[in-house]
Amino acid sequence: MSRFQGFPAHVEKHVGRVRGADSRSAGGRERAYNLVYCDHADDAHVTVLTSGLREHTAGAPLPQELLCTLHRDQEVYAKHLVGVIAELLTESQARVGYGALIMNDRVLLPDTDIAGALAAPHPYLGDEFDVLLDDGEPVLQLITLIPITRSESQLVARFGRDALYDRWEASETDLVDIFRADVGRGQF
């Protein structure tokens, strides 16, 4: 019996109904994971997450899966962000931890200012979501990818992630909207 057997029920309890998944060979290329699509109960949001990445995150304190939650009409962006970062991690045999910046040298999501992501606990689902337990023991860490702009990443690099969170809070930023205002502009 797998220690991850509770993963699907955990996702459905905290996120919502699992609608489906891309196969590991979707897009003509073999991946080390599946991309799973979940519909939130509010019907306004969607989460795209990896399943199987945990087999390739050697060196992490816990095996990891990645996810991104966005507005329903932005699902293609969530899929792209999770897929690109998951590929980067599997190809480099790397892992991420909370607070890590995963940045591209140019815009990562077309028609947006998003150039990367901040690895973090989920901003809206609560602490009990971020770690899967098996018999009370942590067995899997869920890393949420919060889309960020280049100037927001520079704010984090210069002043720390709390400075970014403070700006998001002061601006009442909707962190699941990739078309949101860039709170890092004019920071220096």
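# Cavity, cores and strands

User: Which residues line the largest cavity?

Analyst: This is a predicted model, in which local features need pLDDT of at least 70 and side-chain atom pairs count only at pLDDT 80 or more, while totals for chains, interfaces and linings use all residues. Residues are numbered from 1 along each chain as its sequence is written, and side-chain values use heavy atoms, without hydrogens or water. A cavity is a set of points on a 1 Å grid over the protein atoms alone where a 1.4 Å probe fits but cannot get out; lining residues have an atom within 4 Å of a point. The lining of the largest cavity is Thr69, His122, Pro123, Thr144, Leu145, Ile146, Pro147, Leu175 and Val176.

User: How much space lies in the largest cavity?

Analyst: The structure holds one cavity of 30 Å³ or more. Volume is the space filled by probe spheres set on the grid points, which are joined across faces, edges and corners. For the largest cavity, the value is about 40 Å³.

User: Which element gives the most to that cavity's lining?

Analyst: Helices (H or I, at least four residues) and strands (E, at least two) are DSSP runs, numbered from the N terminus. Four lining residues of the largest cavity come from one element, the top contributor: E8.

User: How many of the residues of E8 are buried?

Analyst: Buried means under 20% relative accessible area, with a 1.4 Å probe and protein chains only. E8 is mostly covered. Its buried count is 11 of 13.

User: Which strand do six bridges join to E8?

Analyst: Strands pair if DSSP finds at least two bridges between them. E4 runs parallel to E8, with four bridges, and Glu65 faces Leu142 there. E7 (residues 131–134) runs antiparallel to E8, also with four bridges. Six bridges, again antiparallel, tie E8 to E6.

User: Which residue in the hairpin of E7 and E8 takes a positive phi?

Analyst: Asp134 stands opposite Glu137 in E8. Two residues lie between the strands of this hairpin. The positive phi, near 55°, belongs to Asp135.

User: Which element gives the most to the largest nonpolar core?

Analyst: A nonpolar core joins buried Ala, Val, Leu, Ile, Met, Phe, Trp, Tyr and Cys residues through side-chain atoms within 4.5 Å. The largest has 26 residues, and Leu66 and Leu145 are among those with the most contacts inside it. E2 (34–40), E4 (64–71), H2 (75–92), E6 (114–120) and E8 (137–149) each supply at least two of its residues. With seven residues, the leading contributor is H2.

User: How many residues are in the other core?

Analyst: This core lies apart from the largest one. Phe7, Val11, Leu49 and Phe129 are among its members. Its residue count is 14.

User: Why does Thr47 count as buried?

Analyst: Thr47 sits in strand E3 (residues 45–51). Thr47 counts as buried because its relative accessibility is 0%.

User: Which side chains make a polar contact with that of Thr47?

Analyst: Contact means heavy atoms within 4.5 Å, and Val15, Val36 and Leu67 are among the residues in contact with Thr47. A polar contact is a pair of N or O atoms within 3.5 Å, one able to donate a hydrogen and the other to accept it; residues adjacent in sequence count only if both atoms are side-chain atoms. One such contact, of 2.6 Å, reaches His40. Another, also listed at 2.6 Å, reaches Thr69. The partners are His40 and Thr69.

Key
Buried means under 20% relative accessible area, exposed over 50%, partly exposed in between (1.4 Å probe, protein chains only). On a 1 Å grid over the protein atoms alone, a cavity is a set of points where a 1.4 Å probe fits but cannot get out, and a pocket is an open set with protein on both sides within 12 Å along at least five of seven lines; lining residues have an atom within 4 Å of a point. Lists of a residue's contacts leave out its neighbours within four places in sequence.
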